[in-house]
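Colleague: I have the coordinates open and want to go through them with you. Shall we take the interface, then the voids, then the strands?

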Amino acid sequence: MSEPRTLFDKIWASHLVDTQEDGTCLIYIDRHLVHEVTSPQAFAGLRATGRGVRRPDATIAVADHNIPTVPGARHGVIENEESRIQVETLERNIAEFGVPYYPIEDVRQGIVHIIGPEQGMTQPGTTVVCGDSHTSTHGAFGALAFGIGTSEVEHVLATQTLIQRPARNMQVDIEGALPPGCTAKDLILAIIGRIGTAGGTGHVIEYTGQAIRDLSMEGRMTVCNMSIEAGARAGLIAPDDITFGYLKGRPHAPKGAAWDAAVAVWKRLPSDPGAVYDKVVRIPAGEIAPYVTWGTSPQDALPITASVPNPADIEDDDRRRAVQRSIEYMGLSAGQPLQAIAIDTVFIGSCTNGRIEDIRAAAAVAEGRRVANGVRALVVPGSGLVKEQAEEEGLDRILVEAGFEWRDPGCSMCLAMNDDRLAPGERSASTSNRNFEGRQGPGGRTHLVSPAMAAAAAVTGRLADLRDLD
Amino acid sequence: MRKFETVTSVGAPLPEINIDTDKIIPARFLRTIERKGLGRHLFNDMRYDSEGNENPDFVLNRPAWRSVGILVVGDNFGCGSSREHAPWALADYGVRAILGTDFADIFYNNSFKNGLLPIKLPAADRDKLMEDAERGENARITVDLENQIITRPDGEEITFEIDPFRKHCLLNGLDDIGMTMERVASIDSFEAADRIARPWLYAE
């Protein structure tokens, strides 16, 4: 009998094109997602060397980072000249190199990590790359998915392969059921708070346990999305009937006999009993609570019932200085209860939390309530199809009646490359993935939360425990 | 790609942990279709105030460190986004080597594609080099890739580890894509077999 293997080991082995004597591997890439920010220099490189795109049928392009989200604005001219040039450059490149593209006017346009799964491009056992660190999202399908730089984007366009070394295996096991009020976002914030922002460096994290199996595909994508915030190369969840149910019938999913053949292959992917991980972390699901971040690293995550830490309590010098600096940047004080922190902006959206389930969770809290005075609350669906479905369900009306702005799809305030951003000193409760200094605009202050917690912040005007809402 | 042989320079100390790629180059400067010219926005929001004036306290604005080729950095440098604009900005500014303990994977990978050498050292060695860097002027550090040796200003030598393939590429300024193109027969045969095993992943 052969050695028990992990899900990662199996995908890796099945994509090895060849291995050099020193252990450097050439691995095959099944799916390549392309967006406007990290691809222009890659296409320019192809042009300069006279190379083409090896497999346009395995590639899909979309513009998402720079797209305005004010309703209808996408149909006009993008005002920021650099943003406009970047989008126009993508459109010129996809035409020249024959890459499939969802234009801005297409209902299928949206954030690259939302539309890949939505279109059935992301499938179990595949390798998926994109010039974007949140490519880890696609690991929710049991796909080995990771972000790459622009030089590697060019490498994949030209050769459909990447030069890599195998990662190490890490298991994060969440046994038991999540307590009421806790979501996938709270779960991943708790994990990052536990293992730290470099806790997964050099590893692929496989999430296991009942709390993970119980998640919908949307929730699994939220968990895998933020694997990169724990430093991991990728996140993985074993494919199961929930995965197959999500995929069946999607435009790029296999059909008919091919579907049955594919499912048979996919069912062999989960890690074998007895497979060995280089690192194992176990967290009982009962320990998870609604989480928020207080600082400027995703690892600065605490239950909403906690308080801002006191640097004086921290022994490690580097860590104490980092906490001190974060508290200053965030305009907080040591020991301040997290629920006493007033916010002026709420952002619900992004590749972390811009899917239909996230909009439903926000609407459920918003229904019958009002956004607090002085709070600007944006809801930005992750794709045109998410927007359409939310409108069919009447979620947009609930949100607008409660005082939220209902926007067009895009990356928006997650990273402030379009017009949606925080002004210096403004403070948000945000469902995005990074609370780095200046991430949502220079001088802006970000608290990461789940969609339901973001809506609770919107209606109370502060970081609030949604379990305590009247 | 530019070859890397040796670099001798004063080191700039950046002891903060978790310096992320948004700090190295904020997202609003990614709206470019060029690789060049990003050096002026390197560490933008630490280096300049909101009016664009130099922040006199930031290390790269202080006289001893205005034109360094080496950075000595805190743990987990380069975490966050996959933006290659981070190593582009560093290389465009003139940085050639980054001495730290560990680096985020994507940033580490991207650096080698741009003639930039990130070196992972034990914390004790990094701390000695951080002290050297803090001395500023005349405390010159030499990084010799061929022999895998860092020489401190007092002449002490510190050896470092590096993946032999990455070393080979950096020393010779090799283009990855060119090398992979030479293995196209292997890619062709992989694809031919895969087309039979997983036909649903290929267009008709």
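Colleague: How many salt bridges does the rule find across the interface of chain B and chain A?

Modeller: Keep in mind that this is a predicted model. One pair is Lys113(B) with Glu152(A), whose closest N and O atoms are 3.7 Å apart. That pair passes because the cut-off is 4 Å. Across the interface of chain B and chain A, the count of salt bridges is 12.

Colleague: What area is buried between chain B and chain A?

Modeller: Start with the contacts: 56 residues of chain B touch 75 residues of chain A. The size of an interface is often given as the accessible area lost when the parts come together. Carbon and sulfur atoms give 54% of the area buried here. The total between chain B and chain A is about 5300 Å².

Colleague: Which element gives the most to the lining of the second largest pocket?

Modeller: This pocket holds about 900 Å³ of space. Its lining has 34 residues, and the closest to the centre are Arg325(A), Glu437(A), Glu16(B), Met46(B) and Phe58(B). At least two lining residues each come from β1 (6-14), α1 (21-24) and α2 (44-47) of chain B, and also from α11 (317-330) of chain A. The top contributor, with 7 residues, is α11(A).

Colleague: How many charged residues are in that pocket's lining?

Modeller: Split the lining of the second largest pocket by class. Nonpolar residues number 14 and polar ones 6. The charged count is 14.

Colleague: Now the closed voids. Which residues lie closest to the centre of the largest cavity?

Modeller: The structure has 4 cavities of 30 Å³ or more. The largest cavity holds about 230 Å³ of space. Of its 23 lining residues, the closest to the centre are His65(A), Asp132(A), His134(A), Leu415(A) and Arg439(A).

Colleague: And by class, how many polar residues line the largest cavity?

Modeller: The lining of the largest cavity includes 7 nonpolar residues and 5 charged ones. The polar count is 11.

Colleague: Which helix supplies the largest share of the lining of the second largest cavity?

Modeller: That cavity has about 190 Å³ of space. Of the 19 lining residues, those closest to its centre are Thr296(A), Ser297(A), Ser326(A), Ile17(B) and Asn18(B). By class the lining has 6 nonpolar, 6 polar and 7 charged residues. The largest share, 5 residues, is from α11(A).

Colleague: On to the strands. Which are the edge strands of the open sheet in chain A?

Modeller: The sheet has 5 strands, paired in parallel, in the order β5-β4-β3-β6-β7. Inside it, β3 (residues 31-35) and β4 (residues 59-62) of chain A pair over 4 bridges. Val34(A) stands opposite Ala61(A) in β4(A). An edge strand pairs on one side only, and in chain A the two are β5 (101-102) and β7 (144-147).

Colleague: Which residue stands opposite Ser9(B) in β5(B)?

Modeller: Ser9(B) falls within β1 (6-14) of chain B. β1(B) runs antiparallel to β5 (residues 140-144) of chain B, joined by 5 bridges. The residue opposite Ser9(B) is Ile141(B).

Colleague: Which residue in the turn between β5(B) and β6(B) has a positive phi?

Modeller: β5(B) and β6 (residues 149-151) of chain B are antiparallel, with 3 bridges. Asp144(B) has Ile149(B) as its bridge partner in β6(B). The two strands form a hairpin with 4 residues between them. The phi is about 55°, and the residue is Gln148(B).

Definitions and conventions: Residues numbered from 1 in each chain as written. Chains lettered and ligands numbered in written order. Predicted model: local features only at pLDDT ≥ 70, side-chain atom pairs only at ≥ 80, totals over all residues. Heavy atoms only, no water. Pairing = 2+ DSSP bridges. 1 Å grid on protein atoms, 1.4 Å probe; cavity = no way out; pocket = protein on both sides within 12 Å on 5 of 7 lines; lining within 4 Å. Points joined across faces, edges and corners; volume = space filled by probe spheres on them. Nonpolar A, V, L, I, M, F, W, Y, C, P; charged D, E, K, R; others polar. Contact = heavy atoms within 4.5 Å. Buried area = accessible area lost by both parts, 1.4 Å probe. Salt bridge = Lys/Arg side-chain N within 4 Å of Asp/Glu carboxyl O.
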